[in-house]
Every structure is written in structure tokens, then in C-alpha cells.
Amino acid sequence: PGRCVAGAACDVTDPRDVDDFGDFAASTVGTIHHWLNNAGMVSARETLLDVEPSEVVRVCNTNLTGAVLCCQKAAKIMVRQAPKAGSASSRRDSASPHVPFHVYNFGFSTWGASFSRSTCTHKATKRGLSQLTVSLAAELAAANVDTVGVHQLSPGMVLTDLLLEGAEPVSKRFFNVLAEEPETVAKDLVPKIRNTNSKTSAVEFLTLPNAVFRVVTGVPQILGGGRFFDRHGNRVAVEGEAYKPNGVRMLYEEMK
């Protein structure tokens, strides 16, 4: 209650769309403190030998080129938002290490990519986002931009279409111990995002030690099925909930 959620269509591979969307966001929100680059696609779960070249281009452009364009727009907006040198707010901020504006790229860590059974186009582009984060942070530092932080954000395995579409039963049994519903991940990550003060960092839901612990202690669910999927890869339904054929829990009824 009392909160506002606004949205607009944006093809992140189109510079004009990204430019318009950034302006829309700034005019709607006012001051943008957190910009999350979460747009992503995955190609068909086939080897690169069998993926259509047009699909390779679409996935790579969305996951990587789109993030670069969005980083550029976000950084431009945030630099404009920064207090002018010599102003009262600037003098107050100079005594504090607080970084007011932040960009987050949803990329893969090295260990995360090794755990994932996703396609090479998805892994390669998501690992590329990790380098984008490092490189952009270095460029901003070299340009003496100290009001904008750039961060790696890893939500881990979330039970969405991106994860579940085409997933094999054996993978789904691993999801019983490694994956979570969106609201569980959000409850953990949102406070971390809102409390970010540094110029660069890694914001993670599922850390490597936690992933190893989950796998070691969750062997029965991996072998015989568990809280999300049974041993055959079928979704374990909760009374009162509706699910898509791929197992994603529906948050609202789809329009026909």
C-alpha cells in the first residue's frame, strides 16, 4: 500500500529503446539509486552445433550487448544525478565513503557457471557480464566517478521459465536442494542491495560453501525427489497453487 510500480516495454538490444526506457525510469522514479540489469535469454538446450545462428545472435545480444547498453545509460543518468562539486550536499558527501548510486549485472561466478547445466551461449554471455562489471568499475574509477558503484549480482537458481524450460528430470532433482522460489531469493537479496555502499562488490544469494552444504545434506532429495520435484521430475504441487507445464508456479492467471 502506498507504493508505486511502473513499467515500460524495452528491447535492451535497441539503443533507442534503452535510451527511452532510461529517460522514462528517471522521470517516473525521480532519483535512480539502484539499476538492475536482469534481462536475459537462454537458447534451446542443445549443443552449439545444433542451435540456429539467429538464435545465437539473439541470446548473445540480449544477455551481453543489452547489458552494456543499459550500463551506459544507467551510468549517464547517475552521473547527472550526482551533487555538483562545491555544493552543500557535495561537501557533506565528501566526508562519507557512501556511494549513492549502483548498477548490478546478473552474471555468473566461475563456480556458478561450472555448476550450471545451461547452454554455452548462456554461460559465455553471463560470464562476460562479470568482466563487464570489473571493467566498467575500473573505467569509472579512472574517470574519477566516485558516486556510481558497479556490482556482480547472482540470484542463484530461481524457479522461473529461464531455469525450468526444457530441464531434464535429473536436473530438477538437483533443483530441490539448490533452487528457490523468486520471493525467497528476493527476501534475501533486496536488503543486501539496499545496504550496498561500496564501489564494487559481489552480491550473492547462493555462495559456494552454501551450495556444497546443500548438495551434501540434500542427497535424499536429489536421488528420490523432494520439496519441488519428485524423482521423475514432476512438480510437487501445493494445494491452492497453479503451475505451468514446465513446473513454474504461476503468480497470477494468464490472460487468454
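A disulfide is counted where two cysteine sulfur atoms lie within 2.5 Å of each other. In this predicted model, that rule yields zero disulfides. Cys120 is in no disulfide, and the nearest cysteine sulfur, that of Cys60, is 8.3 Å away. Set against the cut-off of 2.5 Å, the 8.3 Å between the sulfurs of Cys120 and Cys60 rules out a pair. Cys120 is partly exposed, with a relative accessible area of 42%. Cys4 is exposed, and its relative accessible area is 67%.

The protein chain has 256 residues, and 39% of them are buried. Its secondary structure consists of ten helices and six strands. Contacts with a separation of 6 or more were also examined: residues 24 or more positions apart account for 66% of them. The chain exposes about 14700 Å². Carbon and sulfur atoms supply 58% of that area.

Four of the strands form an open sheet. The order is β1-β2-β3-β6, and the pairing is parallel. β1 and β6 (200–204) stand at the edges. Each has a single partner strand, so one side of each is left without a neighbour in the sheet. Neighbouring strands of the sheet are turned by 25 degrees against each other on average, direction ignored.

The strand pairs can be taken in turn. β1 (residues 34–37) pairs with β2 (residues 101–105) in the parallel sense over four bridges. Within this pair, Leu36 has Tyr104 of β2 as its bridge partner. β2 also pairs with β3 (residues 148–154), again in the parallel sense, over five bridges. Here Val103 stands opposite Val150 in β3.

Helix α8 (residues 182–194) packs on this sheet. The helix touches β1, β2, β3 and β6. The direction of α8 makes about 165 degrees with that of β6.

The edge strand β1 was examined residue by residue. In a regular strand the side chains alternate between the two faces of the sheet. The side chains of β1 follow such an alternation. Trp35 and Asn37 point to one face and are buried. His34 and Leu36 point to the other face and are not buried. Leu36, the residue bridged to Tyr104, thus belongs to the face of β1 whose residues are not buried.

Conventions:
Residues are numbered from 1 along each chain as its sequence is written. This is a predicted model: local features need pLDDT of at least 70, side-chain atom pairs count only at pLDDT 80 or more; totals for chains, interfaces and linings use all residues. Side-chain values use heavy atoms; hydrogens and water are left out. Helices (H or I, at least four residues) and strands (E, at least two) are DSSP runs, numbered from the N terminus. Buried means under 20% relative accessible area, exposed over 50%, partly exposed in between (1.4 Å probe, protein chains only). Contact means heavy atoms within 4.5 Å. Accessible areas come from the Shrake-Rupley method with a 1.4 Å probe; for residues, only the protein chains shown count as cover. Two strands pair if DSSP finds at least two bridges between them. Axes are lines fitted to C-alpha atoms, for helices over the stretch in contact, and angles run from 0 to 180 degrees between N-to-C directions.
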